[in-house]
Amino acid sequence: MQQISTETRKKVVRQHIQDGRTLASLAAEYGVSKATMSNWVRAYREECQTNDEAMNQYELMQEIRRLRQEKAELEKENQFLKKAAAFFAKEID
């Protein structure tokens, strides 16, 4: 079994929490079991209970994820409105 560096573990946890990557996709990419990665995420969340810096990082990762999701939704709405405006502009002519 290969040794996974602490830095890689942190990267995996961040990709899961902040980027919304599934443990299955991360497991396939890094060649580590989902259960192992789940343990890393759980350990990080437990660390956040006693480490203020870790908790702040965790909250920032969640906020980034939320803002990215909100941005994607707004972009979809904007595309819809552009198409609707173009449709109605043709109808007026």
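## Close-up views of a predicted helical model

**View A. N39, a residue of helix α3.** N39 sits in helix α3. Bear in mind for this view and the rest that the model is predicted. Is N39 buried, partly exposed or exposed? With a relative accessible area of 39%, N39 is partly exposed, because the partly exposed class runs between the buried limit of 20% and the exposed limit of 50%. For a sense of distance, look from N39 to L81: these two are 42 residues apart along the chain, and their C-alpha atoms are separated by 44 Å.

**View B. Helix α3 meets helix α4.** Here we have α3, residues 34-50, and α4, residues 52-92. Their axes come within 6 Å and cross at roughly 120°, so the two helices are oblique to each other. As for handedness, the crossing of α3 and α4 is left-handed. On the α3 side, the contact is made by Y44, R45, E47, C48, Q49 and T50. The α4 side brings D52, A54, M55, Q57, Y58 and M61. Sorted by class, the residues in this contact of α3 with α4 come out as 6 nonpolar, 3 polar and 3 charged.

**View C. Two aromatic pairs, starting with Y44 and Y58.** How many aromatic pairs does a search of the whole structure find? The search turns up 2. One of them joins Y44 and Y58, with 6.2 Å from centre to centre and 55° between the planes. This pair is tilted, because an angle has to be over 60 degrees to count as edge-to-face and under 30 to count as stacked. Y44 belongs to helix α3 and Y58 to helix α4, 14 residues apart, so the pair links distant parts of the chain. Both partners are tucked away: Y44 counts as buried at 15% relative accessibility, and Y58 is buried too, with a relative accessible area of 14%.

**View D. The F87 and F88 pair.** F87 and F88 make an aromatic pair of the edge-to-face kind. Their ring centres are 5.2 Å apart, with 75° between the planes. What about accessibility? F87 is partly exposed, at a relative accessible area of 46%. Its partner F88 is exposed, with 51%, because the exposed class begins over 50%.

**View E. Helix α1 beside helix α2.** Now for the start of the numbering: α1 covers residues 6-17 and α2 covers residues 23-30. They pack at an angle of about 150°, their axes 10 Å apart. That angle makes α1 roughly antiparallel to α2. The crossing of α1 past α2 is right-handed. Which residues make the contact? From α1 come T8, K11, V12, Q15 and H16, and from α2 come L23, L26 and Y30. By class, that contact of α1 with α2 holds 4 nonpolar, 3 polar and 1 charged.

**View F. L26 at the α1 and α2 contact.** Zoom in on L26, which is part of helix α2. L26 has 0% relative accessibility and counts as buried. Leaving aside residues up to four places away in sequence, L26 touches V12, Q15, H16, R21, G31 and M37. Take Q15, one of those neighbours: the C-alpha atoms of L26 and Q15 are separated by 8.2 Å, and the two are 11 residues apart along the chain.

**View G. Helix α1 against helix α3.** Helix α1 also packs with α3, at an angle of about 85° and with the axes 10 Å apart. The two helices are therefore roughly perpendicular to each other. In α1, the residues involved are R9, V12, V13, H16 and I17. They meet M37, W40, V41, Y44 and R45 in α3. The contact of α1 with α3 has 7 nonpolar, 1 polar and 2 charged residues.

**View H. I17 and its neighbours.** To finish, look at I17 in helix α1. Is I17 buried or exposed? I17 is buried, with a relative accessible area of 4%. Not counting residues up to four places away in sequence, I17 touches Y44, R45, Y58, M61, Q62 and R65. The list includes Y44 and Y58, the partners in the tilted aromatic pair. R45 is on the list as well. The C-alpha atoms of I17 and R45 are separated by 10 Å, with the two residues 28 apart along the chain.

Key. Residues are numbered from 1 along each chain as its sequence is written. This is a predicted model: local features need pLDDT of at least 70, side-chain atom pairs count only at pLDDT 80 or more; totals for chains, interfaces and linings use all residues. Side-chain values use heavy atoms; hydrogens and water are left out. Axes are lines fitted to C-alpha atoms, for helices over the stretch in contact, and angles run from 0 to 180 degrees between N-to-C directions. Helices (H or I, at least four residues) and strands (E, at least two) are DSSP runs, numbered from the N terminus. Angles under 35 degrees count as roughly parallel, over 145 as roughly antiparallel, 65 to 115 as roughly perpendicular and the rest as oblique. A crossing is left-handed if the near helix is turned anticlockwise from the far one by less than a right angle, and right-handed if clockwise. Contact means heavy atoms within 4.5 Å. Ala, Val, Leu, Ile, Met, Phe, Trp, Tyr, Cys and Pro count as nonpolar, Asp, Glu, Lys and Arg as charged, and the others, Gly among them, as polar. Rings of Phe, Tyr and Trp (its six-membered ring) pair if their centres lie within 6.5 Å; planes under 30 degrees apart count as stacked, over 60 as edge-to-face and the rest as tilted. Buried means under 20% relative accessible area, exposed over 50%, partly exposed in between (1.4 Å probe, protein chains only).
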